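Okay, everyone, let's get started. I'll put the sequence and the model up on the screen, and then we'll walk through it together.

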Amino acid sequence: MRAKHFFGMILAGTALSAVAVGCGSSSDDTSDTSGTTTSGAGGGASTSTTTGGTGGAGGAGGGQSSSVTTTTGGSTTGDNDNSMADASDYELASSTVQGSGLADGEFSPVGDVDYYKFTGTKGQAVGLIVASQDLENAAFDPTFPDTILTLLSADGTEIALNDDPDPRFSNDSSLFTLLPADGDYYVTVQECWTYKNSHPENTAIGCADPEDKPNTAYQFFGYSIEPTDSVTRNEEKGNDAASATAMTYGQNTSGQYYISQVFGTFSSETDVDVFAFTPPDQTVQNGRPTTYWDVMMPGMPGNGSTTTPGKMYITTAADPSVRLAEVDGKLTPSLAPPLALGQDYLLFVEHPGTAAGANDFYFLQHYVGSSNNLEAEGDAATGANDTWAGAESLTASTSSSATSTYYFFEGDLPPSGSGMDVDYVKFAVPAGMTQMKAGCVANYVGSGLTGLNIDLLQGDGTTSLGTGTEDATAATPTDAGVYSVAIPAGTTELGLKVTAASQGPVLGKFYRCGVTMVAQ
Ligand SMILES: [Ca+2]
Ligand SMILES: [Ca+2]
Ligand SMILES: [Ca+2]
Ligand SMILES: [Ca+2]
């Protein structure tokens with residue numbers, strides 16, 4: 001019974017991911033990380049979406065939920081103990097069999113670490129999941145544990161770690177990995193503060209307050225990831241379109257599509273994995289159908305892979321030589337182009353070409369959803385909003401409040417005459433808003449636009465409050481953003497001018513933007 005509840009929550013929680021993620025924490029809102037300010041919930045988008053969901057828009061992206069199904073085979077014996085020597089034996093479940101394999105645990109007293117031990121084989125794909133907030137439909141509730149899960153090799157070396165899921169629909173942990181060798185493994189499950197206090201060197205870990213949380217219960221589940229209707233493993237049949245592995249899309253009983261899991265190994269530094277996919281026909285709630293592909297973070301802390309992907313790109317099935325969207329997985333971990341539903345495409349995932357590591361693999365979380373509000377010009381037209389006089393008025397996101405206002409939009413910048421299209425938008429500044437930021441991405445998430453630039457304009461349409469230019473090829477990529485801008489007193493309207501330097505050879509012309517204002 002508990003099992004059903006557990007995974008029921010994962011499904012519901014993930015289906016809400018767009019909204020939940022979008023509503024994000026205020027601390028996330030201060031992030032200047034490229035690409036994180038540009039998708040509303042509409043993005044449905046990536047785990048790093050930060051600046052507030054766009055309410056209804058988001059739902060579309062949602063619709064997806066975890067493909068994990070409850071299974072038999074998992075088992076646990078004894079108490080959940082505090083060291084490798086006392087670890088509870090756990091047998092990985094098979095993800096393809098219905099049943100249960102859940103271990104109940106509790107963080108008690110504060111600082112408790114629970115160890116589980118399982119046996120696996122080299123190359124085995126394993127999912128390790130903790131549910132605590134999700135057990136009680138309490139995503140981001142500070143009275144519930146913010147868990148961290150680590151995977152240790154038999155000698156106790158940490159080889160992988162997850163804090164929060166991707167998409168980030170709660171603070172519960174889920175780790176998807178390929179085991180590097182035959183043998184025994186250990187899993188630790190603990191509250192975030194317990195880990196942080198014992199690993200001060202791991203500065204990447206941020207924990208939700210308070211340290212001593214009133215609720216302490218969790219469930220742990222580990223399973224062997226087998227191909228299902230929403231899980232696709234590259235079959236290593238070759239490196240070209242003719243040998244592509246067909247991807248699958250699964251639906252729950254309500255007709256919502258699951259998040260698809262797409263993964264594979266890099267057999268050498270020249271390996272290219274090719275997947276054939278057809279975004280399934282569905283109704284997207286906002287904007288245009290958009291495909292999201294998020295790379296799970298490699299390394300440690302991460303999923304333990306010894307490499308990032310290299311180039312990742314999408315073509316039509318009809319012409320694998322022309323790239324519609326492309327990112328360098330070494331630099332940017334998310335590919336998010338709008339694509340037509342029901343059409344046949346190919347996804348190429350290349351090794352970065354560096355020396356092959358001991359366990360080079362990748363996991364992508366993939367889903368199809370809606371987009372931000374779309375400009376009126378459409379993907380090939382120009383002219384409608386090319387001047388301040390013709391600027392399109394944006395509608396504030398429904399996630400806005402008395403203390404924060406959000407706008408999300410996107411569009412295209414096709415070649416126009418001897419140059420490029422220019423898009424102007426304008427938006428109201430509600431009374432009380434004093435600080436703001438705006439950011440746009442294109443190349444960062446696979447568009448063929450380079451040199452994306454935004455100019456934040458006052459209501460006269462000419463006075464600039466700041467400009468920013470995207471550089472997705474820098475060692476530390478940046479979006480086209482302006483940050484920490486003081487809104488001049490008395491301002492009732494602002495605008496953005498969006499331009500790009502060039503487009504091609506990648507065919508994508510899209511860009512995606514977000515604006516955040518706060519009262520401080
Ligand atoms: Ca966590
Ligand atoms: Ca491969
Ligand atoms: Ca345009
Ligand atoms: Ca335009």
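Here's a warm-up: which residue stands opposite G514 in β35? It's G439. Hold on to that pair, we'll be back there in a minute.

Some housekeeping before that. What you're looking at is a predicted model, so bear the ground rules in mind: local features need pLDDT of at least 70, side-chain atom pairs count only at pLDDT 80 or more, and totals for chains, interfaces and linings use all residues. Residues are numbered from 1 along each chain as its sequence is written, while chains are lettered from A and ligands numbered from 1 in the order in which they are written.

And pLDDT itself? That's the predictor's confidence in each residue, from 0 to 100. Averaged over the protein, we get 85, and 84% of the residues reach 70 or more. Now look at the start of the chain. Residues 1–37 stay under 50, and the model has 107 contacts for them beyond four places in sequence. Residues 40–78 are also below 50, with 205 contacts in the model beyond near neighbours in sequence. By a contact I mean two residues whose C-beta atoms, placed from the backbone, lie within 7 Å.

Now the overall count. The protein has 5 helices and 35 strands. Those come from DSSP runs, numbered from the N terminus: H or I over at least four residues for a helix, E over at least two for a strand. Of the 520 residues, 55% count as buried. Buried here means 20 or more other C-beta atoms within 10 Å of a residue's own, exposed means 12 or fewer, and partly exposed is in between, again with C-beta atoms placed from the backbone. One more number: take the contacts between residues at least 6 apart in sequence, and 77% of them join residues at least 24 apart.

Right, back to β35. This strand covers residues 510–518, and 8 of its 9 residues are buried. It belongs to an open sheet of 5 strands, in the order β22-β24-β35-β28-β32, with mixed pairing. At the edges are β22 (373–374) and β32 (480–486), each pairing on one side only. When I say two strands pair, I mean DSSP finds at least two bridges between them.

So who sits beside β35? On one side is β24 (residues 404–412), running antiparallel and joined by 9 bridges. In that pairing, E410 has R512 as its bridge partner. On the other side is β28 (residues 435–441), also antiparallel, over 7 bridges. That's where our warm-up pair lives, G439 opposite G514. Then, out at the edge, β22 and β24 pair in the parallel sense over 2 bridges. Notice that E410 turns up again: in β24 it is the bridge partner of L374.

There's another open sheet of 5 strands, also with mixed pairing, and its order is β23-β27-β33-β30-β31. Why is one side of β23 (392–393) and of β31 (464–469) left without a neighbour in the sheet? Because they stand at the edges, each with a single partner strand. Further in, β30 (residues 453–458) and β33 (residues 493–499) pair antiparallel over 6 bridges, and Q458 stands opposite L494.

Next, a hairpin: β17 and β18, with 6 residues between them. β17 is residues 311–316, β18 is residues 323–328, and they pair antiparallel over 5 bridges. In that pair, T315 faces R323. β17 is also joined by 5 bridges to β20 (residues 345–350), running antiparallel, where M312 has V349 as its bridge partner.

Last stop, two loop residues. A208 is in the loop between α5 (192–198) and β11. Is A208 buried or exposed? Buried, because it has 20 other C-beta atoms within 10 Å. Leaving aside neighbours within four places in sequence, A208 is in contact with P142, D146, N171 and C192. D229 is in the loop between β11 (217–224) and β12 (231–233). With 13 C-beta neighbours inside 10 Å, D229 counts as partly exposed. Beyond four places in sequence, D229 is in contact with T248 and G250. And between the C-alpha atoms of D229 and S260, 31 residues apart along the chain, there are 8.4 Å.

That's my tour. Thanks, everyone!
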